[in-house]
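Biologist: Please take a close look at a single part of this model. Then set that part in its wider context.

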Amino acid sequence: MTRPVRLILLTAALCVAGATRADTVNASSTTILLGRQDWRDGSLQTAVPLYEIIRLDASDVATPIGNLEIALSSWGAADLGDIRFWQNGGNTNDHFTGDVDVGFVRGIFLDRALTLTLGRQTVIDGLLPVQIDGGSARLALPYGFALSGYAGAPVAPRFMARGGDLVTQTVRATFASGGRVSWNYPGLLEAGASVAVADDRAAPSRRDVGADIRVTPIRYLQLLASGWLSLYEQRLGESVVSATFYPVRHLDFTLDYRHVEPDLFLPRDSILSVFVADKRNDVGGALHWGPQKGFALDGDYHVLLQDQGTGHWARAKATLHPGGQTSTVGTELSYLKSNGVSEINDNGYEEVRLFGARELMPALTGTLDLMAYFFNQDVNGEPRSLAATATLAYGFARGWRAALAGTAGSTPFMERQFEIMGKLVYEQTYATREVK
Amino acid sequence: MNSARLTLLLASTGLAALACQRSSLRPVEAPAEQARTSAFPHDKHEGFDCVDCHTGIPKATALGQAKLPGVVKCQECHDFDSMNAADKALHTPPTREARDHALSFNHAQHLTRIKTKEVNDACKTCHKDDQIPEPGPARDSTPRMESCTACHYHQVEVADAKCQPCHVSLRRYPLKPIEALASFSHEGDFVKRHGQLAKNSTETCAQCHDQTYCAKCHDTSTVPFRTEIEFPEKVESDFIHRGDYVSRHQVEAAVDATSCRKCHGSYFCDSCHTAQDTSYRNVIAGGSPHDPHPPGWTTPNSGQFHGNAARQNILACAGCHDQQGPSNVCVTCHRSLGPGQAASGGNPHPSDYATHHTRGDIQKNSMCLSCHTNG
């Protein structure tokens, strides 16, 4: 029995035992049947995967030693047609697949001051997030201080063409650990310092330290800054500074600056990590404005500053609810332009998107989504990508929803593209405690 | 995973669902408290102080500590001996099951701080007349949050979404951040901003979201597909990979490959590129893949030279060339045989590389030995 299967069974057993004693249980089951064409090296294959996705989180499970939280997010799939090509970026030669996204038991002790988590989990500890099979702990100390740490094996994808490699996100490692010390002054600031270490067998994969701070000096302003440094290269991998203003109701805008050194996102034992010390910066802002009820405007623009040239990334979106929340119409325009030294890095696009939703009858909602991308340089010999998606969603009983979706389009990789999707969802929150 | 394992998974989950159904767990319908009625006519006992009957309240440090008054309290005034059975039943206060509470509230502490001439006025500061349960139609009897914010200036906590310890848990509520939670308002470019916020606010996120929610997007090594596939009906959401992302992924990756890299490892690109017969892995397998590179890729000063492109976007190279270890395609040209020996392929390191690394580092990282074969 493989490790993921053991993890599934252990967590499911804990869920069964724990659910009956939990204060709150969030449970959902999603069944999805897809029918689509996969483009594979110039030929089309028909994939009809059937998915079952289970998500369960039982919190405040009372035990004599403290409260527990038990979480499970898992899925299984069967290919009813050709074995699908797109399997989280990899191939599989098996008609049946499945995995565990989250599966942990968390103990909450000492009047919620100490939290211990054991199992498959995602750790966000000041630096880049990492998904591990292992343990993590957080201890809240007096005067707003807190300590946290984690250790475990980074979760590697199970389905891929080559198999066995351990690269996930920015980490290629057999073991990863890290920690953070933080201080929170309620309402004014939260600041932290973090460290992350990862090793790929005996070779170093990451040696990073980071710092972050969030300050809210007045109610109308929030300042954020964070950054991390590669100790191995003694260079700054990423730093971000942003200021968000909330001058009046329904209006906020953000100004931000970001500096990245992309090679530091590679594991240190990647041979490609020693070729480059490129630096990139982007500066810009974003705006959200709701001038009247049922109408909102969003926009953002960033200029991309590189040694080789300047690029631009802009987006504008307008959303209107003409008949209240039962109807939606919107449009989105975006523009992207990079400026590379080689045509492989030099392209861009303009996007036009129209979307809408309307309640056709009680509990039955229809949506339409039209998207068009026009590329600066042809992609696979084609200048544009067009796609239209229509859905019908029906909430037919308490906690139950069904949806049917169809997509048609013409893209650079498929002259005519058709996809259908059927979905059945049960989602419910159970509770024992009555809100008093 | 074979069919037996899949069956096991589904059976286990079914058992969990059955456990929920058979236990005392009940579905939550609405986030608000449930309106209730009472067999006790409060309005007919207006001459008394609340604490004459609710004697435990002034000392109660948590909700649920002070029990409802028992029948003995009624018998202090009402002569049960002279009552018939129907009147006895009428004058017997109802019992209520012990309950846990989703709020933390200390009556004792509050009552000592509320200064009023009449003790009942202290109670009415929070418990308004129309919230006192009476026989007849059910009433919302729990004081609303406005009662708290009338005295407590919680703007700071609200702005920080620090709901605990007043609220024990918010996960059962299908709530969205309120206007006052400006810092965490999920509008505008929140999809872009939330990563920065989460770095030092995971506790705040966890007030409402459990990790299975985050996993839908973030556990990219294990999820079955991208989120957009699951929610095509959410046309307003700012999904990153909406629509025909396959066609535009190379454009966006050229602009900011680090954004891709925060979720996807090199395997993610290469698995697909191998299947499309465009990867160096296809060469290793003895194939003759389509060459995705432009003409002049290996010709210096051609304008398309791979060295310049690599220096601009090394993460794009990693999409196909990061997995072969000692057999990496770079090593076929770039090679150093050791001190004093001729090197081939030119020095690919950045100009200031030697300032951070000594020759001794070669022995500390086996990857270096791929090129520096003699140390």
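**A helix in its chain**

Modeller: This is a predicted model. Start with the chain that holds the part: chain B has 19 helices and three strands. Of its 375 residues, 27% count as buried. Contacts in chain B with a separation of 6 or more can be sorted by distance along the sequence: residues 24 or more positions apart account for 55% of them.

Now the part itself. Helix 18 of chain B covers residues 314-321. Eight of its eight residues are buried, so the helix is largely enclosed by the rest of the structure. Buried here means that 20 or more other C-beta atoms lie within 10 Å of the residue's own. Read along helix 18 of chain B, the buried residues begin with Ile314(B), Leu315(B), Ala316(B) and Cys317(B). Ala318(B), Gly319(B), Cys320(B) and His321(B) are buried as well.

What encloses them? The buried residues of helix 18 pack against other helices of chain B. These are helix 13 (245-255), helix 14 (257-261), helix 15 (266-275), helix 16 (280-284) and helix 17 (306-312).

A loop residue of chain B gives a second view. Ala35(B) sits in the loop between strand 1 (26-27) and helix 2 (50-53). Ala35(B) is partly exposed, because 13 other C-beta atoms lie within 10 Å, and a residue counts as buried at 20 or more. Leaving aside residues up to four places away in sequence, Ala35(B) touches Ala138(B), Arg139(B) and Asp140(B). Asp52(B) is 17 residues from Ala35(B) along the chain, and their C-alpha atoms are separated by 25 Å.

Chain A completes the picture. Chain A has one helix and 26 strands. Its 436 residues include 45% that are buried. Among its contacts between residues at least 6 apart in sequence, 46% join residues at least 24 apart.

The domain assignment splits chain A into domain 1 (1-109), domain 2 (124-278) and domain 3 (293-436). In chain A, 16 residues of domain 1 are in contact with 19 residues of domain 3. The side of domain 1 that touches domain 3 has six nonpolar, eight polar and two charged residues.

Back to the part you asked about: in chain B, helix 18 has eight of eight residues buried, and those residues pack against helices 13, 14, 15, 16 and 17.

Methods: Residues numbered from 1 in each chain as written. Chains lettered and ligands numbered in written order. Predicted model: local features only at pLDDT ≥ 70, side-chain atom pairs only at ≥ 80, totals over all residues. Helix = DSSP H or I, 4+ residues; strand = E, 2+ residues; numbered from the N terminus. Buried ≥ 20, exposed ≤ 12 C-beta atoms within 10 Å, placed from the backbone. Contact = placed C-beta atoms within 7 Å. Domains from an automatic or database assignment. Nonpolar A, V, L, I, M, F, W, Y, C, P; charged D, E, K, R; others polar.
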